[in-house]
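Colleague: I would like a close look at one part of this protein, the packing around a single helix. Please take me through it slowly, and tell me how far the model can be trusted.

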Amino acid sequence: MTLVSIQSDQAFSLGIGKIKPLVKLLANDGVKLADLLMGTGIQLNHLALYDATIQHWQYFKLIENAQKLSPDPAFALRLGEQLYINHDGLLACRVMSCQNPSQAMRLLSDYQSLLTTLFHLKFTEQSELAVFSANPLFDFEPCLPYFIEYTFASIYALGKFCTASQEFPMRYEFTHDGTNKRARYHAFFGDDIQFNCRQNRVIIPRQILAMPFIFANEDSAQKNDKLCQDKIRLVHQNTSIIEQVRQHIIKTQFSETSLNSVAAKLCMSPRTLRRHLNAENVSYKALLEKERKRLVRRQLNRPIAIKQVAAELGYSDASSFSRAFKTWFGISPQTYRAQHHT
């Protein structure tokens with residue numbers, strides 16, 4: 001059963017069961033359900049259905065309502081902490097059977113489509129530390145703090161549980177300013193937190209990466225791995241060619257992505273990929289430009305030179321970037337930045 005059907009360039013749907021923990025949490029906090037569901041198109045009786053789905057705009061509207069109505073501005077931390085109370089989810093079981101946090105974080109990156117379709121999760125290990133970042137795949141700025149809080153709180157709570165530790169000290173960086181939430185963040189995560197950063201990410205010290213998991217089991221890991229890979233294949237089979245190309249563009253630096261490189265990742269020739277895209281009435285160049293346009297204003301909000309923004313978006317020079325920007329928005333990037341700053 002689909003509650004509402006829409007046409008959108010960033011549309012997706014999800015099972016209504018995904019929102020029930022959020023609804024229950026806020027109801028227990030005293031929020032009236034009629035107010036929480038206002039403008040979402042979701043009715044109370046829908047929450048009693050097992051196989052109902054909702055659209056992306058309904059999900060985001062529900063979260064916006066929750067952010068306005070919740071007496072706890074950081075309620076997403078509590079919700080994320082509860083995610084792994086029931087440890088019977090496939091990905092949770094696979095993560096629990098890992099040897100240590102290093103393996104677990106790598107798996108969350110490899111199997112991210114089983115965890116979320118809203119972010120590109122990237123895990124990079126260095127000599128003394130590792131970095132786990134979450135970059136949004138959709139434009140949902142008003143809801144972004146909620147999703148980041150929820151994701152980071154889930155990882156933090158699972159890490160403490162799997163290592164049987166009372167503390168799991170890591171450094172957290174958030175792109176938002178943490179208004180009205182800073183005290184709650186420090187009480188939950190600890191002292192090493194920064195706001196107004198370039199990316200949402202977690203910096204993990206080497207000593208944390210090597211901590212042994214108390215549930216580590218090689219047999220369970222192999223069994224769960226096969227199940228995860230089977231489910232991943234099913235997810236990819238049901239993902240449109242446009243979305244697959246889009247995700248590969250987002251996961252790669254703009255200066256390094258190309259039709260040929262994306263085709264190779266999708267195990268097909270460039271000619272075949274071009275034919276599939278033509279059948280959908282779209283080109284690789286159009287998808288690339290769409291992702292550049294989606295990200296550009298967020299990039300310009302950072303205090304960096306226009307030339308650097310152009311390079312990060314894969315343009316050979318600032319003038320090419322400026323021409324594209326003016327085509328998209330009718331003004332130059334310099335004018336946009338001045339107006340936005342004002």
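Modeller: What follows covers confidence, then the helix packing, then a short note on strands.

The model is predicted, and the protein averages a pLDDT of 86, with 94% of the residues scoring at least 70. Among the elements, helix α2 (residues 33-36) has the highest mean pLDDT, at 96, and helix α7 (residues 112-115) the lowest, at 80. The start of the chain is another matter: over residues 1-9 pLDDT stays under 50. The model still has 23 contacts beyond four places in sequence for that stretch.

The helix to look at is α12, residues 241-251. One of its partners is helix α15, residues 284-300; the two axes come within 10 Å and cross at roughly 55°. An angle of that size falls between the limits of 35 degrees for roughly parallel and 65 degrees for roughly perpendicular, and α12 and α15 are therefore oblique to each other. Their crossing is right-handed. On the α12 side, the residues in contact are Ile242, Val245, Arg246, Ile249 and Ile250. Facing them from α15 are Tyr284, Leu287, Leu288, Glu291 and Arg294. By class, the residues of this contact comprise 7 nonpolar and 3 charged, with no polar ones.

A further partner of α12 is helix α14, residues 270-279. Here the axes are 9 Å apart and the angle is about 125°. That value lies between 115 degrees, the upper limit for roughly perpendicular, and 145 degrees, above which a pair counts as roughly antiparallel; α12 and α14 are therefore oblique to each other as well. From α12, the contact uses Ile241, Ile242 and Val245, and from α14 it uses Leu273, His276 and Leu277. The residues of this contact divide into 5 nonpolar and 1 polar, with no charged ones.

Putting the two contacts together, Ile242 and Val245 of α12 appear in the list for α15 and again in the list for α14. Arg246, Ile249 and Ile250 are named in the contact with α15, while Ile241 is named in the contact with α14.

Away from these helices, strand β7 (residues 201-205) runs antiparallel to strand β4 (residues 129-136), joined by 5 bridges. One of the β4 residues, Ser133, has Arg201 of β7 as its bridge partner. Strand β5 (residues 171-173) is also antiparallel to β7, with 3 bridges between them. There, Arg171 has Ile203 of β7 as its bridge partner. β7 is thus paired with both β4 and β5.

Definitions and conventions: Residues numbered from 1 in each chain as written. Predicted model: local features only at pLDDT ≥ 70, side-chain atom pairs only at ≥ 80, totals over all residues. Heavy atoms only, no water. pLDDT = per-residue confidence, 0-100. Helix = DSSP H or I, 4+ residues; strand = E, 2+ residues; numbered from the N terminus. Contact = heavy atoms within 4.5 Å. Axes fitted to C-alpha atoms, helices over the stretch in contact; angles between N-to-C directions. Left-handed = near helix turned anticlockwise from the far one by under 90°. Nonpolar A, V, L, I, M, F, W, Y, C, P; charged D, E, K, R; others polar. Pairing = 2+ DSSP bridges.
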